[in-house]
Amino acid sequence: SLSISRYLNRRYYLIQKTKMASIIGILVGTLSQKRFRSVIDRVRLLVEESGRSCYTFAVGKVNVAKLANYAEIEAFVLIGCTESSILDDERDFHVPIVTPMELEVALGEREWDGFYSHAFSDFLGVSDNNGDDDFRLDESDLGDENKLTKDASVDDNN
């Protein structure tokens, strides 16, 4: 559908903005998700290996006022449950907020191939057989007319 295509294009735009960030904030929005510590450790390792600086913040619910206090941070990675990883007001934030999997794409560790997931198990590359209903999306869900390309652009005003 068109809304899924627009959503993925917007996410790709945020990934492109994150590529330019030299200081990345790691936002921990959950302390109860299975494997959240492993995700934090992997994100920190990826950022540091890329030669960038990173800072970790335990924030609970993310909002514009909280993040505005960290003007030096150029991009944030949100580690949270599926429901809190999708921000309704993302355009209000002064810098991009991406998921761990999107960070991998921004840092060149993963190709943008149309697969999209908020599941920690997908990010960590482990199987998760507990039947989680984490958000996963593949280009095949869009149909041929909505295939994403690496040169896809999203207008900031969308």
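Let me begin with Thr18 and its surroundings. Setting aside residues up to four places away in sequence, Thr18 touches Ala75, Pro96, Val98, Leu103 and Ala106. Please bear in mind that this is a predicted model. Thr18 belongs to helix α1, which covers residues 2-19. Is Thr18 buried or exposed? Its relative accessible area is 0%, and because buried means under 20%, Thr18 counts as buried.

I turn now to the chain as a whole. The protein chain contains six helices and six strands, and along the sequence they follow the pattern α-β-α-β-α-β-α-β-α-β-α-β. The chain has 158 residues, of which 45% count as buried. Among contacts with a separation of 6 or more, 69% link residues 24 or more positions apart. The accessible surface comes to about 8300 Å², and carbon and sulfur atoms account for 46% of that surface.

Next, the interior. The largest nonpolar core has 21 residues; those with the most contacts inside this core are Ile24, Val39, Val43, Val47, Val77, Ile79 and Leu103. Which elements each supply at least two residues of this core? They are α1, β1 (23-28), α2 (36-49), β3 (75-79) and α6 (120-124). The largest share, six residues, comes from α2.

Val43 may serve as an example from this core. Apart from neighbours within four places in sequence, Val43 is in contact with Ile26, Val77, Ile79, Pro100, Leu103 and Phe123. There is also a second, separate core of twelve residues, including Val62, Leu67, Phe76 and Ile97.

Conventions:
Residues numbered from 1 in each chain as written. Predicted model: local features only at pLDDT ≥ 70, side-chain atom pairs only at ≥ 80, totals over all residues. Heavy atoms only, no water. Helix = DSSP H or I, 4+ residues; strand = E, 2+ residues; numbered from the N terminus. Buried < 20%, exposed > 50% of the residue type's maximum accessible area, 1.4 Å probe, protein only. Contact = heavy atoms within 4.5 Å. Areas by Shrake-Rupley, 256 points an atom, 1.4 Å probe, with all protein chains shown as cover. Core = buried A, V, L, I, M, F, W, Y, C linked by side-chain atoms within 4.5 Å.
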